[in-house]
Amino acid sequence: MAAEILAPAGSYDALVAAVRCGANAVYLGTKALNARRNASNFSDEELKAAVDYCHKRNVKVYMTLNTLVGDSEFKTAYEAIECACNASVDALILQDVGLASLVRQAAPDMPMHASTQMSVQSIEGIRMLEKLGFTRAVLPREISEKEIAVISAQTYMELECFVHGALCMCVSGQCLMSAVLGGRSGNRGLCAQPCRLPFGVNQKGGNNLSLKDLSLVDELERLERAGVCSFKIEGRMKRPEYVATAVTACKNSIYNVNNIEIDNALRAVFSRSGFTKGYFEGKLGKEMFGTRRKEDVENAAPVLSGLQRLYDNENPLIPVDFSLVFKENEPMRLTACALGKEATVISEKSPEPALNKPLTRDDLSQRISKCGGTQFFVNSINIDFADGLNVSAGALNALRRDAIAALEEKIAEKPVAECTKTETDIKPHFARGFSLHARFFKEEQIPESLAGISRAILPIEVSAETVKRLSDGGIETAIEIPNAVFSNADKYIEKLKLLKEAGASLAWACTLDGVGIAEKAGIPFASGFGMNIYNSRSLEEMWKMGANDSLLSCEIQLSEASRLGGEIPRGAMIYGRIPLMLTRNCPVRNKLTCSECGGKSFLVDRMGVEFSVVCKNGCSIILNSRPLWAADKKNSFKNLDFGLIYFTNESRAECEKIVSQVKNGENPPEEFTRGMYFKGVL
């Protein structure tokens, strides 16, 4: 199998465990700008030591810079990129398109991997990643085997897939639950995992947002056939024993080794009511849900101590070929070859005529082959030999140690990617006015009159007749491409073409998949909800891609939003129930059928707060319990070009009333939230 085993390294001990158990690559974060800010992570000096350790053992290191970055953090981001280059990191894992633009400018030779946080689910999104300079995409955990194969058949881009570890309920990059409910942003690396708390369906009780852990360890051959080149293990917050066990289980699977002890240990060391393959096999439903039970914790305790043996010592993983010159009056010379690298060392000692028993060829082979305590094992030994000679055991041992050390250095040699500080000329932005856009979840919500609304954002299911009516009435119509595309891209492309003929002006793209779909449909696009635009560089990237305008992330503070530069018009949500989660497995169906739900169900947290669930296009959306209201704070929307009225589960009459209230800047309703506009997120 050519695919790599990619292991998490949240600490140096976990890194050592991964390498000694046979991982081909590890991924890790430094002290800032990574999606596991609560892991131990690595200082600059620790990063250099970690990379050196890994490269000497032919293991790659990928560094995570996979969070959204504010304008004030780009100095820190540049320093992290520079550190990665100096340490010879093999690739950077990125979420933020603005940060990707900085990497392209500052370190064009540094490979970029697109984090699963970028929510790319289709070949259309992959094409956009290719244009942005990415060499690998980390696919969503929610993707199926068939969907992976469809993407792989149409691209040469490397595809990476999670094969073991925690499974989020929400599509990665589309979760705002932790940020909205507790101010700790998953997109900024501090998810508090509120989904693991109790959420009942229509009443208190139950854990209907908690999925079992993913495990595709038994399906690595199928994954490779589907086109996956990297098997990723989740767990930078987990112990070294967990990492060692998961890596060992993956190696066993690749080499068809049956080891019941490791299989049992993998289940015992960490699980939530067992494991699931649901998304991969397209089998969703109740069987995918699970929690961390008392027995799961109790089962872990007895096995943890025994698992350290897996990585206590170096495991011989690399074959080495030795060539020894052993002749009278000639210094001993030993050449070591492995992985296409070669190192030669010469001893200060020369063999001398033996006074007693001379060394034989077998004696020399036995002594040179003692590679214990290193990552090497002997593949072959060739000796240019003369009879009747002797030399001390210490001299031979020193020669072997020096050859191995020199070979390690050769293997570890990697070109250092140049990193050049660049200044991007992003001009200040000056809004020329403030307009209102209205987004509708369903066609039947649209009021007869949209006076005061410059753009109506319509669901992709909308009829051509409605598009024509609004367009003829002077309303710019944009068609929303959902942020859950998966296998629906072709359907959306054809529908966009039809609606364009009816008068639709734009596509409202919520992910890079949507941008690619709009391009294929031949229709201009605007950057919509789910694109996570958080800084000036990201705005510039949207402008370069051809976006007409861009909605800012609702995680940004308005004070920061007002300072963002660039030419592209930008706006922010002014009203709406913020989508907290986008799920491919409906939490309501864990308790009710679709007919029993009737589209009117909600989740109830342990405090009795209700969160509506709406479904469409094969996915479910969990809405915040209270609407965001900022219509009375328009003065805070400085330097923004538009405000978005974001309708979800409102009736037509409610939509009409809210449009009027927003236009008039009325006071908020009885229950509302300011979102994160004034307090920000961690």
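**Entry 1: G200 and its sheet**

I started at G200 in this predicted model and found that G200 stands opposite V604 in β26. I then counted how β8 is held to that strand: three bridges join β8 to β26 (residues 602-605), and the two run antiparallel. Stepping back, I traced an open sheet of five strands in the order β8-β26-β27-β28-β25, with antiparallel pairing. Its edges are β8 (199-201) and β25 (579-583), each of which pairs on one side only. I also looked up the twist: neighbouring strands here are turned by 30° against each other on average, direction ignored.

**Entry 2: N34**

Next I went to N34, which sits in the loop between β2 (25-29) and α2 (44-55). Is N34 buried or exposed? I found a relative accessible area of 0%, and because the cut-off for buried is under 20%, N34 counts as buried. Its side chain has polar company: a polar atom there lies 2.8 Å from the backbone oxygen of T30. The N34 side chain also makes a polar contact with the side chain of R236, at 2.9 Å. Leaving aside residues up to four places away in sequence, I listed what N34 touches: G29, N41, T64, N66, T67, R188, G189 and R236.

**Entry 3: helix α16**

I moved on to α16, residues 489-502. This helix has 14 residues and reaches 20 Å from its first C-alpha to its last, close to the 20 Å expected at 1.5 Å a residue. Which residues of α16 are buried? I noted A489, Y492, I493, L496, L499 and A502. The spacing made me recall that an α-helix has 3.6 residues a turn, so residues three or four places apart point the same way. I then checked what the buried residues of α16 pack against, and wrote down α5 (123-132), α15 (464-472), β20 (476-481), β21 (506-509) and α17 (512-521). After the helix comes G503, whose phi is positive, near 120°.

**Entry 4: α5 against α17**

Two of those α16 neighbours, α5 and α17, deserved a page of their own. How do α5 and α17 cross? Their axes come within 7 Å and cross at roughly 100°. The range for roughly perpendicular is 65 to 115 degrees, so I filed α5 and α17 as roughly perpendicular to each other. For the contact itself I listed both sides. From α5 come I123, E124, G125, M128, L129, K131 and L132. They meet L512, D513, V515, G516, I517, E519 and K520 in α17.

Note on methods
Residues numbered from 1 in each chain as written. Predicted model: local features only at pLDDT ≥ 70, side-chain atom pairs only at ≥ 80, totals over all residues. Heavy atoms only, no water. Helix = DSSP H or I, 4+ residues; strand = E, 2+ residues; numbered from the N terminus. Buried < 20%, exposed > 50% of the residue type's maximum accessible area, 1.4 Å probe, protein only. Polar contact = N/O pair within 3.5 Å; in protein donor to acceptor, adjacent residues only side chain to side chain. Contact = heavy atoms within 4.5 Å. Expected span 1.5 Å × (residues − 1). Pairing = 2+ DSSP bridges. Axes fitted to C-alpha atoms, helices over the stretch in contact; angles between N-to-C directions. Parallel < 35°, antiparallel > 145°, perpendicular 65-115°, else oblique.
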